[in-house]
Amino acid sequence: MDKIGRNDPCPCGSGKKYKKCCLGKLPLEKITKNGLRHPLLPNYRHIDYGVPVLNEDFFKHNSVHEISAPRLVYSILLSPEISNLASQISNSVLERGKDEASLIENASDAKALIELMRNEPDSLNHERLIAKALEFKEESIPLILEELKEPPNSAFVELAIRIIHSSEIDCSKNLVKIIEENRIDAYSVSLLCMLLGFHEGHEVEKLLWDYFHYFKEHFEDETYSDGPLLGLSELKARRKERTSEENN
């Protein structure tokens with residue numbers, strides 16, 4: 001990837017020179033919301049790590065962290081019944097979140113649910129909210145995609161990922177466009193990359209490849225790289241499964 005010169009246009013898209021804008025801030029510029037801090041990334045057009053090479057050697061030398069948020073969300077996508085069971089048990093012994101639960105159950109349209117998502121609902125109500133959003137999925141998914149252009153908080157993104165995946169609506173083109181055309185924080189991009197791994201396409205593969213290497217280079221002490229790596233692993237697994245089916 002070419003190094004940004006001091007007099008080059010700033011990658012944030014402001015129109016100013018890099019030295020007059022984000023020099024010294026990217027990729028360390030921070031956004032703070034609800035006590036969570038994640039770096040705001042430069043525009044994707046400034047991130048390029050060449051042609052993806054997803055061979056055995058790549059996966060042999062790159063692995064996800066033992067514990068990370070992207071890995072946890074990925075596990076929930078693969079085994080939602082575990083999260084559902086945990087939610088049922090928690091709701092049976094804890095009393096909090098009852099008023100919010102009532103608001104979710106009585107929501108009459110997708111807009112009301114999206115507003116609840118924006119306000120970081122109690123974790124005890126996540127499963128209930130996801131199920132309700134799926135009842136209005138034709139209306140809720142477009143609203144969620146619009147919000148993802150500037151995610152209000154990390155909890156919103158986590159819920160959005162689960163709703164989109166469970167809806168079985170192919171939003172891959174929308175998600176790629178959201179990442180390419182908007183400046184989003186690292187955690188959100190990491191989770192979106194993980195979700196994109198459930199979809200085929202050279203454009204998806206290239207995007208995940210670029211962000212995996214970007215995160216590894218700029219955030220080696222963080223776990224953001226797990227999102228795109230899990231996405232690439234999912235791509236590989238799906239291709240292997242498809243090839244096996246074709247051979248049989």
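This passage describes the packing of helices α5, α7 and α8 in a predicted model, together with two loop residues that have positive phi.

Helix α7, which spans residues 137–147, and helix α8, which spans residues 154–167, have axes that come within 10 Å of each other and cross at roughly 140 degrees. Angles over 145 degrees would count as roughly antiparallel, and the two helices are therefore classed as oblique to each other. The crossing in which α7 passes α8 is left-handed. On the α7 side, the contact is made by Lys137, Ile141, Ile144, Leu145 and Glu147, which meet Phe156, Ala160, Ile163, Ile164 and Ser167 of α8. By residue class, this contact consists of seven nonpolar residues, one polar residue and two charged residues.

Within α7, the buried residues are Ser140, Ile141, Ile144 and Leu145. Because these residues cover an arc of only 135 degrees around the axis, they lie on the same side of α7. Such an arrangement can be read against the general geometry of the α-helix, in which there are 3.6 residues a turn, so that residues three or four places apart point the same way. Among the elements that cover the buried residues of α7 are α5 (110–118), α6 (126–135), α8 and α9 (172–181). Ile141, Ile144 and Leu145 are buried and also take part in the contact with α8.

A corresponding description applies to helix α5, where Ala110, Leu113, Ile114, Leu116 and Met117 are the buried residues. The arc that they cover around the axis is only 160 degrees, which puts them on the same side of α5. These buried residues pack against α4 (98–106), α6, α7 and α8, so that α5 appears among the elements covering the buried residues of α7, while α7 is in turn one of the helices against which the buried residues of α5 pack.

Attention turns next to the loops. Most residues other than glycine have a negative phi. Glu120, although not a glycine, has a positive phi of about 55 degrees, and its place is in the loop between α5 and α6. With a relative accessibility of 28%, Glu120 counts as partly exposed. Glu168, likewise a residue other than glycine, has a positive phi near 60 degrees and is found in the loop between α8 and α9. Because its relative accessibility is 75%, Glu168 counts as exposed.

Terms used: Residues numbered from 1 in each chain as written. Predicted model: local features only at pLDDT ≥ 70, side-chain atom pairs only at ≥ 80, totals over all residues. Heavy atoms only, no water. Axes fitted to C-alpha atoms, helices over the stretch in contact; angles between N-to-C directions. Helix = DSSP H or I, 4+ residues; strand = E, 2+ residues; numbered from the N terminus. Parallel < 35°, antiparallel > 145°, perpendicular 65-115°, else oblique. Left-handed = near helix turned anticlockwise from the far one by under 90°. Contact = heavy atoms within 4.5 Å. Nonpolar A, V, L, I, M, F, W, Y, C, P; charged D, E, K, R; others polar. Buried < 20%, exposed > 50% of the residue type's maximum accessible area, 1.4 Å probe, protein only. Arc of directions from axis to C-beta.
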